[in-house]
Amino acid sequence: MVNETIEENIQSLKEIEKSEWNELRADSYKTFKNDTYRLTIYPTWTNAEISEYKMENGWGDPKISIKRYERILDGQKTHLKKIGETEEIPLSENDWNQFDNLVTEQCFWTMPIRSKSQYLDGTGWILEVKKGKTNSCSDREYHIVSRVTDSPKYFEICDRLLKLGNSSQKEQDSLLYKSWTSD
């Protein structure tokens, strides 16, 4: 089962790399210079606020950068408009290592990219991981997982990243209320 999932993931990654879905994101994972985790939380409705939590480790200086965007529909095209300044939060090497270990413990690299649940409305959570070396599961440096419904292992990773980003409890509750519903 794990090997089938990995093969499906590799095929999905190839499709994603060829697709136009980059309009959703501000920058491509291909521009990441360091080991990076990026959580993007995006409501499906127009003119909604999109949050991006990007955790990087550049030569022993781990940090989280938080950006907010407004998704604007302009005719048939959607684009992002940055809201406010980028907030940067320094992390300890220990914080980085604990998070990195959690991702490994929760078998992130073997999680299916897409949930079997289909949705038309709600809030999507996309977690991307870019590493400088290939992982032992898929022999790739990059993996992405997208969810709109409850997935306990995935939720634990996302929740930890939000907490490292000092996301307020009120903000977390609001995001969770909108997003983590059961199948």
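Start by selecting Lys67 and the residues around it: leaving aside neighbours within four places in sequence, Lys67 is in contact with Ile50, Ser51, Glu52, Lys82 and Thr86. Keep in mind as you go that this is a predicted model. Lys67 belongs to strand E3, which covers residues 62-74. Is this lysine buried or exposed? Its relative accessible area is 19%, and the cut-off for buried is under 20%, so Lys67 counts as buried. Now draw a distance between the C-alpha atoms of Lys67 and Ile50: you should read 8.3 Å, for two residues 17 apart along the chain.

**Zoom out to the whole chain**

Switch to a cartoon view and colour by secondary structure. You will find four helices and six strands in the protein chain. Followed from the N terminus, the elements come in the order α-β-β-β-β-α-β-β-α-α. If you colour by accessibility instead, 47% of the 183 residues count as buried. A contact map is worth a glance too: among contacts between residues at least 6 apart in sequence, 64% join residues at least 24 apart.

**Select Tyr37, Trp96 and Phe99**

Next, show these three side chains as sticks. Ring pairs link Tyr37, Trp96 and Phe99 into a cluster. How many aromatic pairs does the whole structure hold? A search finds three, and two of the pairs to look at here involve Tyr37.

Take Tyr37 and Trp96 to begin with. Their ring centres are 5.3 Å apart and the planes stand at 55°, so this pair is tilted. Tyr37 sits in strand E1 (residues 35-43) and Trp96 in helix H2 (residues 93-105), so the pair ties together parts 59 residues apart in sequence. Both Tyr37 and Trp96 are buried.

Now turn to Tyr37 and Phe99. This aromatic pair is edge-to-face, with 4.8 Å from centre to centre and 85° between the planes. Phe99 lies in helix H2 while Tyr37 lies in strand E1, so here the parts tied together are 62 residues apart in sequence. Phe99 is buried, as is Tyr37.

**Stay on H2 and pick Asp100**

Asp100 is also a residue of helix H2. Not counting residues up to four places away in sequence, Asp100 touches Tyr37 and Lys131, which brings you back to the tyrosine you have just been viewing. With a relative accessible area of 19%, Asp100 is buried.

**Add helix H3**

Keep H2 on screen and select H3, residues 152-164. The two axes come within 10 Å and cross at roughly 165°. That angle makes H2 roughly antiparallel to H3. Look along the crossing to check its hand: the crossing of H2 and H3 is left-handed.

Which residues meet across this helix pair? Show these as sticks:

- From H2: Asp95, Gln98, Phe99, Leu102 and Val103.
- From H3: Glu156, Ile157, Arg160, Leu161 and Leu164.

Sorted by class, the contact has six nonpolar, one polar and three charged residues. Phe99 deserves a second look, since Phe99 is among the residues that meet H3 and is also part of the aromatic cluster.

**Step into the loop after H2**

Select Gln106, in the loop between H2 and E5. Leaving aside neighbours within four places in sequence, Gln106 is in contact with Met111, Lys153, Glu156 and Ile157. Glu156 and Ile157 will be familiar from the H3 side of the helix contact. At 11% relative accessibility, Gln106 counts as buried.

Cys107 is found in this loop between H2 and E5 too. Check its backbone torsion: Cys107 has a positive phi of about 55° although it is not a glycine. Its relative accessible area is 39%, so Cys107 is partly exposed.

**Last stop: Gly132**

Finally, centre the view on Gly132, in the loop between strand E5 (123-130) and strand E6 (142-147). Is Gly132 buried or exposed? At 61% relative accessibility, Gly132 counts as exposed. Leaving aside neighbours within four places in sequence, the contacts of Gly132 are with Asp35 and Glu141. To close, draw a line between the C-alpha atoms of Gly132 and Lys33: they are separated by 8.4 Å, with their positions 99 residues apart along the chain.

Key:
Residues are numbered from 1 along each chain as its sequence is written. This is a predicted model: local features need pLDDT of at least 70, side-chain atom pairs count only at pLDDT 80 or more; totals for chains, interfaces and linings use all residues. Side-chain values use heavy atoms; hydrogens and water are left out. Rings of Phe, Tyr and Trp (its six-membered ring) pair if their centres lie within 6.5 Å; planes under 30 degrees apart count as stacked, over 60 as edge-to-face and the rest as tilted. Helices (H or I, at least four residues) and strands (E, at least two) are DSSP runs, numbered from the N terminus. Buried means under 20% relative accessible area, exposed over 50%, partly exposed in between (1.4 Å probe, protein chains only). Axes are lines fitted to C-alpha atoms, for helices over the stretch in contact, and angles run from 0 to 180 degrees between N-to-C directions. Angles under 35 degrees count as roughly parallel, over 145 as roughly antiparallel, 65 to 115 as roughly perpendicular and the rest as oblique. A crossing is left-handed if the near helix is turned anticlockwise from the far one by less than a right angle, and right-handed if clockwise. Contact means heavy atoms within 4.5 Å. Ala, Val, Leu, Ile, Met, Phe, Trp, Tyr, Cys and Pro count as nonpolar, Asp, Glu, Lys and Arg as charged, and the others, Gly among them, as polar.
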